[in-house]
Amino acid sequence: ADEAVRRLFETGFFGHVAIDRDGDVLVVQVDERPAIGEITFTGMKEFEPEQIRKALRELGIAEARIFNAALVRQAEQELKRQYLAKGKYAAQVRTEVVPLPRNRVALRFQVDEGEVAKIREIRIIGAQAFKEKTLLDRFQLTTPGWLTWYTRSDRYSREKLSQDLENLRAFYMNQGYLDFRIESANVAISADKRDIFITVVIDEGKPYRVKEIALSGDFPVPHEQLEALVTVKPGSLFSRKELDQSIQAIVNRLGEEGYAFANVAAVPAIDRTEQTVAFTLMVDPGRRLYVRRIDIGGNSKTRDEVIRREIRQLEGEWYNVAKLQKSKQRIERLGFFDEVRIDTEPVAETSDQLDVKVAVKERPTGNLMLGAGFSSAEKLVLSGSVAQENFLGTGKSLALAVDTSKVGRTLSLSFTDPYYT
């Protein structure tokens with residue numbers, strides 16, 4: 001009996017369950033929870049009601065679903081969190097449950113959005129090498145200004161603050177401050193929940209210069225070619241940006257020779273007494289790969305050959321990252337697609353093959369124009385044209401234009417095949 005009660009409760013349909021005995025008859029008494037008859041919102045301007053309804057549906061709250069008070073309280077807290085993310089810290093959400101006929105209830109979410117909290121002050125404590133204004137220029141978040149009503153950059157956002165702190169770290173690292181640290185980032189809000197104060201405490205450390213940079217590992221291409229790609233020079237201030245660019249240049253160069261998954265790791269040797277750092281770039285080219293197959297998808301209208309003839313990478317050829325980048329550019333320049341994406345996928349049960357996946361998102365390529373005008377000489381002038389840049393998905397263009405008036409008439413038909421020769 002206890003197991004039966006437990007399983008009935010787990011259905012979520014009942015608020016009370018009891019099992020009793022009447023002679024030889026087992027009596028199950030239940031108090032059925034009401035169903036949700038309707039959901040309404042009042043006072044909500046920041047979000048579209050349908051957007052919130054969709055989120056509630058994923059939570060388990062929707063019309064015809066069983067009413068669950070715990071889920072409603074969870075929905076209230078989630079809605080408040082959404083308002084906090086928008087900078088409205090004074091927002092209040094209250095749910096009224098109204099009984100309806102046939103054991104149903106109506107949920108009425110009453111929202112008081114309140115005022116948006118603005119960032120009144122951003123302070124950076126510990127900055128000595130650079131002025132505070134220079135550092136704050138790297139921030140997306142700002143204090144109120146004459147354009148912030150449009151940019152909304154004076155509204156606090158945890159994601160934006162995290163990005164700003166990363167931008168601050170990158171700025172110092174690019175200026176040689178290898179030991180730079182962010183000690184803390186505190187966010188305080190006023191009692192009336194209208195003003196926000198951000199305080200960032202940093203430890204700059206000291207700037208380091210590059211003592212030496214060397215390459216080690218396997219070199220499937222001449223060592224001199226890889227050395228020429230390194231822009232970090234001994235004696236210069238350390239810059240993480242330049243180091244990352246040098247590593248990426250080496251990876252791309254190896255990718256041109258078929259090493260699709262090459263890895264280059266920078267191993268530092270820091271001398272804090274002399275304030276210098278030496279780097280050893282460990283080059284691991286991995287296995288050389290060739291392309292087994294090139295698959296094209298997303299082109300419901302454009303013919304496969306129109307895309308394939310723009311691809312510089314060939315099937316059966318060594319993988320070449322430069323050719324794939326060139327292929328992407330050529331496909332984009334066709335003007336037939338809103339989006340072009342090229343991905344690679346290792347071939348199962350092989351160690352030296354991969355497939356290239358080209359995914360496109362088509363855009364409308366037709367054009368229809370109609371016009372009318374009047375002049376004293378030609379009287380009423382009518383014009384119209386229809387053009388299709390990707391006629392029947394062949395990559396050819398076809399256009400027809402007509403201009404007519406009392407004086408003359410012009411009929412123009414044009415057809416272009418870009419691969420005619």
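Here are three short exercises on this structure, which is a predicted model.

**Exercise 1: the overall build**

Work out which helices and strands the chain has, and how its radius of gyration sits against that of a compact globule.

Solution. Start with the parts: you'll find 10 helices and 18 strands in the chain. Next, take the globule rule: for 421 residues, a compact globule would come out near 22 Å. Now put the chain's own value beside that: it has 33 Å. For a feel of the space involved, the C-alpha atoms fill a box of roughly 90 × 90 × 65 Å along the principal axes.

**Exercise 2: surface and charge**

Find what share of the chain is buried, and how far apart the mean positions of its positive and negative charges are.

Solution. Begin with burial: 31% of the 421 residues count as buried. Then turn to the surface, where about 25,600 Å² is exposed and carbon and sulfur atoms supply 50% of that. Last come the charges: there are 62 positive and 63 negative ones, and their mean positions are 5 Å apart.

**Exercise 3: a look at N299**

Decide whether N299 is buried or exposed, and say what surrounds it.

Solution. First, locate N299: it's in the loop between β12 (290-297) and α9 (304-308). Second, check its accessibility: N299 counts as buried because its relative accessibility is 16%, and the cut-off for buried is under 20%. Third, list the neighbours: leaving out residues up to four places away in sequence, N299 touches D304, I307, V360 and E362. Finally, zoom in on its side chain: a polar atom there lies 3.0 Å from the backbone oxygen of T302.

Notes. Residues are numbered from 1 along each chain as its sequence is written. This is a predicted model: local features need pLDDT of at least 70, side-chain atom pairs count only at pLDDT 80 or more; totals for chains, interfaces and linings use all residues. Side-chain values use heavy atoms; hydrogens and water are left out. Helices (H or I, at least four residues) and strands (E, at least two) are DSSP runs, numbered from the N terminus. The radius of gyration is taken over C-alpha atoms; the globule rule is 2.2 Å times the number of residues to the power 0.38. Buried means under 20% relative accessible area, exposed over 50%, partly exposed in between (1.4 Å probe, protein chains only). Accessible areas come from the Shrake-Rupley method with a 1.4 Å probe; for residues, only the protein chains shown count as cover. Lys and Arg count as positive and Asp and Glu as negative; His and the chain ends are not counted. The place of a charge is taken as NZ of Lys, CZ of Arg, CG of Asp or CD of Glu. A polar contact is a pair of N or O atoms within 3.5 Å; within protein, one must be able to donate a hydrogen and the other to accept it, and residues adjacent in sequence count only if both atoms are side-chain atoms. Contact means heavy atoms within 4.5 Å.
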